[in-house]
2 protein chains.
Amino acid sequence: MGEARNAALKAKAASRPLALMSTGARNEVLFAMAAALRDSAEAICAANAQDMERARTKGTKDSLLDRLFLDEARVDAMAAGLEALAALPDPVGKVLEERKLYNGIELSRVTVPMGVVAMVYEARPNVTADAAGICLKSGNACVLRGGSLAIDSCVAIADAMHAAAVAAGAPENCITIIRSTDRAQTGELLSLRGLVDVLIPRGGAGLIERCVREAQVPVIETGTGNCHVYVHESADFAKARSIVMNAKTQRTGVCNACESLLVDASVAAKFLPSMLLELAQAGVSIHADKASFDAVAGSDLPDDDKALTLGHMLEASEEDWGREYLDLEISVHVLDGGVAQAIEHINEYGTGHSEAIVAEDAEAAQAFTRGVDAAAVYVNASTRFTDGGEFGLGAEIGISTQKLHVRGPFALEALVTYKYIMRGTGQVRA
Amino acid sequence: MGEARNAALKAKAASRPLALMSTGARNEVLFAMAAALRDSAEAICAANAQDMERARTKGTKDSLLDRLFLDEARVDAMAAGLEALAALPDPVGKVLEERKLYNGIELSRVTVPMGVVAMVYEARPNVTADAAGICLKSGNACVLRGGSLAIDSCVAIADAMHAAAVAAGAPENCITIIRSTDRAQTGELLSLRGLVDVLIPRGGAGLIERCVREAQVPVIETGTGNCHVYVHESADFAKARSIVMNAKTQRTGVCNACESLLVDASVAAKFLPSMLLELAQAGVSIHADKASFDAVAGSDLPDDDKALTLGHMLEASEEDWGREYLDLEISVHVLDGGVAQAIEHINEYGTGHSEAIVAEDAEAAQAFTRGVDAAAVYVNASTRFTDGGEFGLGAEIGISTQKLHVRGPFALEALVTYKYIMRGTGQVRA
């Protein structure tokens, strides 16, 4: 038996008493975990220093090193995150329905913890605290599988939280972490039908891909976002420019950033030149179709601006319509089929994440919101709002791009299931 | 490209216009499909005769032949099923929440069809009509994959329904069926990430096992039921006997039948002899532990009854605690740890389906309903009630033994997801 199975078996055993803990008791445990992180900050940072050294030796790039790095302030932020969880409403024990059946049996359907939640993530030590906290809050035992680069940090964080949780009354093994960095342990974890009730990968496309392909346990797929902004001929151009700039440039490495701009042919000549100039001024590379080139070339932009804009434009290939750049890059496509073509294009190339129309015409907006198949469909607003915090959800776990169980940003509610409780007086089936 | 991928691509294209059809229009399509089944009854029965002949040649056993067989009455029953679906409430278009965000964006969350639903089933031609109807009702395009033994019947049914649906205004390919009986097509179907939004296997353990193990698309696992009846020391014995007899013998080949009887040691001597006699009289084989043998042997049952009972008893091995007999067989286990041990035993050996306690003691009943991890937990009622019809759900699709998305009996509501519609006035993220 590998370590993953062993951890899941222990977590399963812990999940039984954990599910019976009261809301107050679970919140007390979260406070104890937070205090333990602060008390262990020095030890956690020392473990992190070992990870950092190994990562540097391996030539890890700076952006990853920054995600890996911990100092006291970052440990404190993890602790504060656990305390914030304690303040949220309990997703467990909600009565979803109550009714009497024809035969007198009283049916009630009540939310209960999933049981064992597995979280697979990359070299971000803070996810260890976040994942354990979210699971504890929702009454679930967890199996954590962090990235190998961050293993010492993750183990130090998990051990500190676990000891404090048990001391505060939580069952032994309510938090388990896989210590081996052997890749095969991830495979084993993905295979644990009956032991792992749900697995959530949190990380890049490669990690998610592997989990979805290999998993025999239920998975919530959080994924990539090839998000579009479609500028309808009825658009208010000022709104459109501000939405496109925000969705493309406010933060580029995120799944809800805009990757593709669609523009109605009837307004391309009026709208595109100044729009693409603004993008070019912001340093955005523009993968443009021929009509977009024509709009800029034939425009009355001053020569310098025109040169700057064209200097940022590249010829788009069909591949560009499906690309998630996650960078200062965008594709631009002029459509002559109106909202129907925009819907078709988005349903073909989009990833079902976040899609926006800019339009003053209410009918076009309605056709778009009805026709586009995505978790979040926006009218006259930036795609960047697809986020648990912006949606008012409390503690976001991720953004689901599947349709089963949860779609779009999801939080604690995704970690509970329900149970039918049926109270009879001796009823048997006829 | 194999037939499965081709069918799913076509279904995906059909899913777009289908999702936009009104409730009334979809119900009209269901009526047209029902009429077409009645009109095509002769052709369907002729196709079925070919399946039956092939099946007989292969030496298929009678119970399977009966499931495979169609006559006009059975075709009529399928048509009536479609009409009954039309009368049910529409699961699509429900507003789950509506609120204004801090920034003025109006958020609404609305149920929408999944898109493409794949149904994999065995040699029961009637599932073809049922599955297509459920998908059409919920606005989903479907890919049907029936068992090879029933292929001619399934194709005839699907073709008749599809032609009528299209004539009544549904999009071409709203119902697709895989015609090849090559096993590899099932594998291809299971791999179609991005094309199949959810896959539901309906059939025996082997089929479900394969789907869950191989699928890269989201699956709803419907599964086996190793259901227990636990007789607490506070039980009303008359209720207990009637519940056990009903749960074990009313129908044996079903997942909500009782497979294991647990009895508190303190009442074993009083309760078990007459209970096991009644089971023996009903022809039930009893896999019993030593304490159960002792209870019968030491009882004051008349000699004939005692002999009859003991004649139906076999020594149970630990394996029996985990077996789903689906037959006139039961395991019996005497517990000396009360309700806590019953909960532990059930959580160890159960399949999370349906579990019952018979008890007059309210505290014991509450401990049981809280502690047992199953879709449906009964107090003083038969496990046989776990059924969409009995729960008042309308058209049951199956009984989920997973915790993601749906648990227990599920119906049309399981085939919709939701979409966030966000209406702004130019908002961008700060």
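This passage describes charged side chains in a predicted model, first the salt bridges and then a patch of charge on the surface.

A search of the whole structure finds 52 salt bridges over all chains. A helpful one to start with joins B:Asp197 and A:Lys403, with 3.3 Å from N to O. This pair crosses between chains: B:Asp197 sits in the loop between α8 (183-190) and β6 (198-202) of chain B, and A:Lys403 belongs to the loop between β14 (398-400) and β15 (408-410) of chain A. B:Asp197 has a relative accessible area of 11% and is therefore buried. A:Lys403 is buried as well, because its relative accessibility is 8%, and the cut-off for this class is under 20%.

A further salt bridge between chains is formed by A:Arg429 and B:Asp387, whose closest N and O atoms are 3.9 Å apart. On the chain A side, A:Arg429 is found in the segment after β16 (416-427), while B:Asp387 is placed in the loop between β13 (376-381) and β14 (398-400) of chain B. Here, too, both partners, A:Arg429 and B:Asp387, are buried.

Within chain B, B:Arg202 and B:Asp130 make a salt bridge in which the closest N and O atoms are 2.8 Å apart. B:Arg202 is part of strand β6 and B:Asp130 is part of helix α6 (residues 125-137), so this contact ties together parts of chain B that are 72 residues apart in sequence. In this pair, B:Arg202 is buried, with 16% relative accessible area, whereas B:Asp130 counts as partly exposed because its relative accessibility is 27%, a value that falls between the limits of 20% for buried and 50% for exposed.

Salt bridges also link residues into a network. One such network takes in A:Lys12, A:Arg16 and A:Asp197 from chain A, together with B:Asp373, B:Lys403 and B:Arg407 from chain B.

For a look at the surface, the reader can turn to chain A. There, A:Glu318, A:Glu319, A:Glu344 and A:Glu348 form a negative surface patch. One of these residues, A:Glu348, lies in helix α14, which covers residues 338-349 of chain A. A:Glu348 counts as exposed because its relative accessibility is 57%, and the class begins at over 50%. Members of such a patch have no salt bridge, whereas the buried A:Arg429 and B:Asp387 are joined to each other by one.

Conventions: Residues are numbered from 1 along each chain as its sequence is written. Chains are lettered from A and ligands numbered from 1 in the order in which they are written. This is a predicted model: local features need pLDDT of at least 70, side-chain atom pairs count only at pLDDT 80 or more; totals for chains, interfaces and linings use all residues. Side-chain values use heavy atoms; hydrogens and water are left out. Patches are made of residues with over 30% relative accessible area and no salt bridge: like charges are joined within 9 Å, nonpolar side chains (Val, Leu, Ile, Met, Phe, Trp, Tyr) within 5 Å. Accessible areas come from the Shrake-Rupley method with a 1.4 Å probe; for residues, only the protein chains shown count as cover. A salt bridge is a side-chain nitrogen of Lys or Arg within 4 Å of a carboxyl oxygen of Asp or Glu. Lys and Arg count as positive and Asp and Glu as negative; His and the chain ends are not counted. The place of a charge is taken as NZ of Lys, CZ of Arg, CG of Asp or CD of Glu. Helices (H or I, at least four residues) and strands (E, at least two) are DSSP runs, numbered from the N terminus. Buried means under 20% relative accessible area, exposed over 50%, partly exposed in between (1.4 Å probe, protein chains only).
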